[in-house]
Amino acid sequence: MELKKRIDQDLKAAMLAKEAAIVTVLRGLKATILDAEVAEGKREKGLSDAEIEALIMKEIKRRKEAIAMYEANGRGDLVESEQFEQKILEEYLPEQMDENAIREKIDEVLTSLGEGEVANMGMVIGKVKMLIGNSADGATVARLVKEKIG
């Protein structure tokens, strides 16, 4: 719940500083959080920090997809806007693990599994993601597991 308070405080600070672009990003994030709270029946209680981080990861993924689309269509102006929004959102996530650290976690999971379970790539990806939480992008984890097992 502390993360939500931090977002609220940063929104107020951005409003006072008249930083319109940041205000827009944070208002959108607050709306996303509210939608999730209502959908999950947690409006009174609120979402946990981990749940909010997962929502932020989804929002960042949307920005990355939009950036790729805009770059493919030569829309540099829109790319910059999406990159700015992504940068603001990333400030609310825990420090992201580098690929070497992710590989170490993958090795830990593979060591702990039996031989029959290693062949199930989806299960390995799921266990690694549970182990590292929101400290790495799911697509990166999946890619590294496929490299390791494949």
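This is a walk through the fold, two helix pairings and four single residues of a predicted model.

Start with the whole chain. The protein has eight helices and zero strands. Read along the sequence, the pattern is α-α-α-α-α-α-α-α. Along the principal axes, the C-alpha atoms fill a box of roughly 55 × 45 × 25 Å. The protein has 150 residues, and 35% of them are buried. Its accessible surface comes to about 9300 Å². Carbon and sulfur atoms account for 52% of that surface. Contacts also reach along the sequence. Take the contacts between residues at least 6 apart: 56% of them join residues at least 24 apart.

Now go to the N-terminal part of the numbering. L3 is found in helix α1, which covers residues 2–16. Is L3 buried or exposed? Its relative accessible area is 7%, so L3 is buried, the cut-off being under 20%. Which residues does L3 touch, beyond those up to four places away in sequence? They are D49, I52, E53, I56 and Y92. Of these, D49, I52, E53 and I56 fall in the range of helix α3, residues 49–72. L3 also lies 8.4 Å from S48, C-alpha to C-alpha. In sequence, L3 and S48 are 45 residues apart.

Follow the chain out of α1. K18 sits in the loop between α1 and α2, the latter spanning 20–39. K18 is not a glycine, yet its phi is positive, at about 60°. Its relative accessibility is 74%, and K18 therefore counts as exposed, the cut-off being over 50%. Buried L3 in α1 and exposed K18 in the loop make a useful pair to view together.

Next comes α3. E59 has its place in this helix. Its side chain is an acid, and charged by class. At 10% relative accessibility, E59 counts as buried. What does E59 contact, leaving aside its neighbours within four places in sequence? The partners are T32 and L89. T32 falls within the span of α2, residues 20–39.

Turn to the helix pairings. Two packed helices are described by the angle between their axes and the distance between the axes. Take α7 and α8 to begin with. Helix α7 runs over 121–132, and α8 over 138–149. Their axes are 10 Å apart, and the packing angle is about 130°. The two helices are therefore oblique to each other. The crossing of α7 past α8 is right-handed. Which residues meet here? From α7 come M121, V124, I125, V128, K129 and I132. From α8 come G138, V141, A142, V145, K146 and I149. By class, this contact has nine nonpolar, one polar and two charged residues.

Helix α8 also packs with α5, residues 99–112. These axes come within 10 Å and cross at roughly 60°. So α5 and α8 are oblique to each other. The crossing of α5 past α8 is right-handed. On the α5 side, the residues are E99, I102, R103, I106, D107 and L110. On the α8 side, they are T140, V141, R143, L144, V145, E147, K148 and I149. The contact divides into seven nonpolar, one polar and six charged residues.

Set the two contacts of α8 side by side. V141, V145 and I149 of α8 are listed in the contact with α7. V141, V145 and I149 are listed in the contact with α5 as well. The contact with α7 counts two charged residues, and the contact with α5 counts six.

End in the loop between α7 and α8, where S135 has its place. Is this loop residue buried or exposed? At 16% relative accessibility, S135 counts as buried. Beyond its neighbours within four places in sequence, S135 is in contact with P94, E95, Q96 and M97. K148 is another matter. S135 and K148 are 13 residues apart in sequence, and their C-alpha atoms are 20 Å apart in space. K148 itself belongs to α8, where it takes part in the contact with α5.

Note on methods:
Residues numbered from 1 in each chain as written. Predicted model: local features only at pLDDT ≥ 70, side-chain atom pairs only at ≥ 80, totals over all residues. Heavy atoms only, no water. Helix = DSSP H or I, 4+ residues; strand = E, 2+ residues; numbered from the N terminus. Buried < 20%, exposed > 50% of the residue type's maximum accessible area, 1.4 Å probe, protein only. Contact = heavy atoms within 4.5 Å. Axes fitted to C-alpha atoms, helices over the stretch in contact; angles between N-to-C directions. Parallel < 35°, antiparallel > 145°, perpendicular 65-115°, else oblique. Left-handed = near helix turned anticlockwise from the far one by under 90°. Areas by Shrake-Rupley, 256 points an atom, 1.4 Å probe, with all protein chains shown as cover.
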